[in-house]
Amino acid sequence: MTDTARGLWEREAEAAVVADAVKIATHGNGGLLLVEGPAGIGKTRLLAEAWTAAAEAGARVVRARGTQLERDFAFGVVRQLFEPLVARMDQARLEVLWQGPAAQARPVFEIVGTTPTAGPAGDFAVLHGLYWLTANAAQDHPLVLLVDDLQWCDTPSLGYLAYLLPRIEDLGVLVAAALRTGEAATDERLIQQITTDPAAKVLQPHPLSAQATAGLLEQTLPGGADPPFAAACHQATGGNPLLLHELARTLTAENVRGSADNVALVRDLGSRAVAHLVALRMTRLPQSTVAVAKAAAVLGGQADLVTAAALADQDTTTALEGVTALERLQILRAEQHNGTELRLAFIHPLVQAAVHDSINPADLATAHHHAARLLTAAGADPERIAAHLLRVPPGGDPEAVTALRAAAAAAAARGAPSGAHTYLARALHEPLADDERLQVLTEAGRVALLIDTPAAADHFHQAYTALGDADAVRRAQTAVQYASTLLYSGRIDECERILTDSINQLPADEQDLRRQLQAWLVIIVINFAGHTQTRQHVVDLYHLPPDESPGGRMLECALALHAAHASDLQATELARRGLSGGPMFEIAANFTNVAWWALITADAADILDMINDWSDQVHRRGDTAALTGIYVWRGWAWLRRGQLIEAETDLRRGASMAEMTGLKVAEGVIAPQLAQCVMEQGRLEEATTILEAVSSAQIAPHLLDAQAQLLYLRGEYEQALQTALTCQDQSAAVGLTNPAGIGWRTWAALALQRLDRTHEAHTIAAEDLRLARQWCAPRALGRALRVNGLLNDSTDRLQLLHQAAIVLENSTAQLEHAKALTEYGGALRRTGHRTEARSLLRHSLDLATRCGATPLADFARTELAAAGGHPRRTALAGPDALTPSEHRVAELAATGATNRQIAQDLYVTPKTVEVHLSAAYRKLDITTRTQLPAALAGP
């Protein structure tokens, strides 16, 4: 069959791209096929081509469509995709589909109870479960996901696609989506993330030519079309296929022939919108049939015949007769669902919009309210009911509040806080009793904390104000949550006042709650300059006795960071006490992170084990924001150890998670670390791009520290010095003096030396060494000794560099050890100790290479050659050559775990496991899994 016979005019190139994308997916290489363009240009028709090609290739095909009515329905599009697939499977296949982490996605497909308990949702657990559900569905057959009207897709479903696409390459899954341009999207940020994914192939169908227009009219108009008539049709519609079809249907319905005599009529009709064309075709229909069309338009994409008939105030027989008439006019179509139910769907969203918009606004609100009541009586999903209530003006309806809170609970249970917040925000517009308003405000504030900090602040402000002084305990409980929103919104003075007032009003026996409030006060002191009175109050908090309550743990974590900033050695003890009970999911996960900071700066040997243990818990039950923190802090821990590949992987994962959740506050934390990571690998231009992308509002000590390092490495010594001194001022303002936490003195001293300001360089380097000795962490002390050695004469230089190498020898700071060895070996060479230098330089070269520090490895190689030595040929072989990730994967594989099982255990993709295993085989010089145990044991 030719393309034109299939209804494809001038789409040969696009159809070929579609066929190729399907073919690639059926061979195991997934991707995204995006068809974008204005309404009516033929996007849906190209998705139909993908359906046909996939079905012919033996792939599983599922489809969904975003709609304006249900854009707030949590995972509505995901449910459209997978519910039919689940319904078609027998029990054995279902067990395979839900195996492993996929089970975490079950709440998405369950009808949730109506208890209004909306709260923080484990949205990452759901997203990860949906990824594995997709992987399991594609395990024995390629899978094609068709998503039409992506711009109206609900936010959680967009989040699923954004999470899936970077992991899709090895799944044998094709996502084919149509995006209408010029239309406001449900979530522009996620749409941008999806459409710019490297896996995307983009098609932009063009309008039909005059020749194609004439051919189309020849097929669709009885008697064909004269050339002048066809030319007028092309001019009137701009070659838009939908407008052409609607024009042809209207002309046929009006018995207008395609002769040159009717050109003027064509110009009049063709210039009108689809709404006018549809209205014209419906003028001859009985009012009962029009009522069915309007009912279907109100109910949206999930309209069933029984509910549509009830909404149109008709019996099903009369309604079915109307549906038949509407099918003949090609306005809507009826489709069987689950073998018994008849569902109604319009031929195009523009046609549905035309019918919907023809309803009087007052009648429309009444219709949506009636639809909500009908769906409630039928026991429909709470969110489907709420979709209609969102389009009804507030009217003091208690049943509406109950339904909206039930929908919020359902959305939260499905891991969709954005939907939960939408429903609760709407419920707040209804007249509520004081106590119920407080409950809804608190529920709304909790879910908004995950998606919209300013909105959360507004909800908690209203709750805090409404409580008044009479209920000091409930007011303080609200203040604990209110504080974080004020901090993240930059309203520091207001936050300090709220916390202080709440503490002063608390009864004496509320010690747990008091410590929670005090913990947030400590965070203010740590991060923001000024607040003299609060700073003194924080000093007094160190004298409080240990307390294992949640508030006591929060306070100890906060004080650990405060102490670490000041090089106070009690920081590690405070951190370990605060972390002793595991992650603080319910109250404030952020306090776990600040305790990690203290332990990371202290070079704690077990910090990565601690983060990994908690990472497993967060993966299983945590939200995406909490997981972002895991990746960021673990990335920083890897960076401090010098494991640059591991660090970059985790930091980029954290950045991706932050982008997906809109956590702008995270960029000021991630960017400096990621920039330092790529600088150590020699990618200075990339580091420049990373740092320049951070908004000026995010300028902070760690960002300035990274900028000073970059400027120094680029040879811009004066600018490096000035940036380092600015970093000094900002660090001092918040009490951050610990050289293990901030490295500005290193870059200031080295820049001063380059500028021949030797005395000043010595002064700053000596102060850095004094503070490093006070803190006693090997990495900071070794770095300070190395820098002081570089600034001193030959005798002192050898002694200081030797001390640096010894301090770092048994530490976790491998990259810093490699730097010390390289400088010490080079100094020995230059003083005639070539044999000793060669041994040190070989070791430093091995370390630098394993760390991925290319510039340092090149420097060590040059020094080694100058000392008359050659690199060891086996430098990158054996168990010690494996990266930590390669080692973890190899160990699991050695126990007999499959690639799929390893991927599920480590929360990575099977492709990542395959890459790590291939690298491990190469470094261990083996070819099979059975050789792994012996190879990992070493000689």
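What follows is a short chat about a predicted model.

Biologist: What is the mean pLDDT of the protein?

Modeller: Start with the spread: 95% of the residues reach 70 or more. There is a weak patch, since residues 113-121 have pLDDT below 50, though this stretch still has 21 contacts in the model beyond near neighbours in sequence. The mean over the protein is 88.

Biologist: How does the radius of gyration sit against the globule rule?

Modeller: We've got 47 helices and 8 strands here. For 939 residues the globule rule gives 30 Å, and the protein comes close to that, so it is as compact as a globular protein of that length. Its radius of gyration is 33 Å.

Biologist: What share of the residues count as buried?

Modeller: Buried here means under 20% relative accessible area. The protein exposes about 37,700 Å², with carbon and sulfur atoms supplying 52% of that. Of the 939 residues, the buried share is 56%.

Biologist: Now the open sheet: in what order do its 3 strands run?

Modeller: Strands E6 (303-304) and E7 (332-337) each pair on one side only, putting them at the edges. E7 also pairs with E8 (residues 341-346) in the antiparallel sense, over 6 bridges. That gives the order E6-E8-E7.

Biologist: Which helix lies across E6, E7 and E8?

Modeller: Two helices are worth a look. Helix H15 (residues 316-328) packs on the sheet too, but the strands listed for its touch are E7 and E8, and its direction makes about 125 degrees with that of E7. The helix lying across E6, E7 and E8 runs at about 90 degrees to E8, and that's H13 (residues 287-299).

Methods
Residues are numbered from 1 along each chain as its sequence is written. This is a predicted model: local features need pLDDT of at least 70, side-chain atom pairs count only at pLDDT 80 or more; totals for chains, interfaces and linings use all residues. Side-chain values use heavy atoms; hydrogens and water are left out. Two strands pair if DSSP finds at least two bridges between them. Helices (H or I, at least four residues) and strands (E, at least two) are DSSP runs, numbered from the N terminus. Contact means heavy atoms within 4.5 Å. Axes are lines fitted to C-alpha atoms, for helices over the stretch in contact, and angles run from 0 to 180 degrees between N-to-C directions. pLDDT is the predictor's confidence in each residue, from 0 to 100. The radius of gyration is taken over C-alpha atoms; the globule rule is 2.2 Å times the number of residues to the power 0.38. Buried means under 20% relative accessible area, exposed over 50%, partly exposed in between (1.4 Å probe, protein chains only). Accessible areas come from the Shrake-Rupley method with a 1.4 Å probe; for residues, only the protein chains shown count as cover.
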